[in-house]
Amino acid sequence: QVQLVESGGGLVQPGGSLRLSCAASGIMFRIYDMGWYRQAPGKQRELVASISSSNSTMYADFVKGRFTISRDNAKRMVYLQMNSLKPEDTAAYYCTSRVHNGSPRLRSWGQGTQVTVSS
């Protein structure tokens, strides 16, 4: 009964900021790796950022220096702070979870939250 619920998406102007949130339930949160993917229309889903159970972080090259992923184990929440947004960041953003060292084929996914960057 894994459930991931994203929120915080919306319409912002280029150069603006958004903070996405993911609320997790049904998992032992502290031992799970968490991440954010995004998918634009007609494109493959791509990794944006990840944060491991030990708080190690990784970022896609196209968001380095602009986005920050974080987690709050007490609140069972994962966040993605997005600054200096560009039109090409427009996509549906999905929260994902996977037990540490688990198979990538056994990921759980949220329903997504839409981010649109336009003037």
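Buried means under 20% relative accessible area and exposed means over 50%, with partly exposed in between (1.4 Å probe, protein chains only). The model behind these views is predicted, so local features need pLDDT of at least 70 and side-chain atom pairs count only at pLDDT 80 or more, while totals for chains, interfaces and linings use all residues. Residues are numbered from 1 along each chain as its sequence is written, and side-chain values use heavy atoms, with hydrogens and water left out.

**View 1. Here is the open sheet, four strands in the order S1-S3-S8-S7.** The pairing is antiparallel. At the edges stand S1 (3-7) and S7 (67-72); each has a single partner strand, so one side of each is left without a neighbour in the sheet. From one strand to the next, the twist averages 15 degrees; angles run from 0 to 180 degrees between N-to-C directions, with axes taken as lines fitted to C-alpha atoms (for helices, over the stretch in contact). Strands here are DSSP runs of E with at least two residues, helices are runs of H or I with at least four, and both are numbered from the N terminus. Two strands pair if DSSP finds at least two bridges between them. As a reminder, strands of a sheet pair through backbone hydrogen bonds, either parallel or antiparallel.

**View 2. Now for the S1 edge and its partner, strand S3 (residues 18-25).** Five bridges join these antiparallel strands, and Val5 sits opposite Ala23 of S3. The side chains along S1 alternate: Leu4 and Glu6 point to one face and are buried, whereas Gln3, Val5 and Ser7 point to the other and are not.

**View 3. Moving across the sheet, S3 meets S8, and S8 (residues 77-82) meets S7.** S3 and S8 run antiparallel and are joined by six bridges. Ala23, already seen across from Val5, also stands opposite Met77 in S8. Another six bridges link S7 to S8, again antiparallel, and here Ser70 has Tyr79 of S8 as its bridge partner.

**View 4. A look into the largest pocket, with a volume of about 200 Å³.** Its lining counts 13 residues, and Asp33, Ser50, Met58, Arg98 and Arg107 lie nearest the centre. Strands S4 (32-39), S5 (46-51) and S9 (91-99) are the elements that give two or more residues to the lining; S4 gives the most, with four. By type, the lining splits into five nonpolar, five polar and three charged residues. For that split, Ala, Val, Leu, Ile, Met, Phe, Trp, Tyr, Cys and Pro count as nonpolar, Asp, Glu, Lys and Arg as charged, and the others, Gly among them, as polar. On a 1 Å grid over the protein atoms alone, a pocket is an open set of points with protein on both sides within 12 Å along at least five of seven lines, and lining residues have an atom within 4 Å of a point. Grid points are joined across faces, edges and corners, and the volume is the space filled by probe spheres set on the points.

**View 5. Two charged residues of strand S4, Asp33 and Arg38, up close.** Asp33 counts as buried because its relative accessibility is 11%, and its side chain reaches the backbone nitrogen of Ser53 at 2.9 Å. Arg38 is buried too, at 6%. A polar contact of 2.9 Å joins the Arg38 and Asp89 side chains. Such a contact is a pair of N or O atoms within 3.5 Å; within protein, one must be able to donate a hydrogen and the other to accept it, and residues adjacent in sequence count only if both atoms are side-chain atoms.

**View 6. Two buried residues, Val63 and Ala91, with partners from far along the chain.** Val63 belongs to the loop between S6 (57-59) and S7, and its relative accessible area is 0%. Its C-alpha is 8.9 Å from that of Asp89, 26 residues away along the chain. Ala91, in strand S9, is buried at 3% relative accessibility. Ala91 and Thr116 are 25 residues apart in sequence, with 6.6 Å from C-alpha to C-alpha.

**View 7. Finally, two loop residues with positive phi that aren't glycine, Arg76 and Asn101.** Arg76, in the loop between S7 and S8, has phi near 55 degrees and is partly exposed, with a relative accessible area of 28%. Asn101 has phi of about 70 degrees and lies in the loop between S9 and S10 (108-109). Asn101 is exposed, at 67%.

Note on methods:
1 Å grid on protein atoms, 1.4 Å probe; cavity = no way out; pocket = protein on both sides within 12 Å on 5 of 7 lines; lining within 4 Å.
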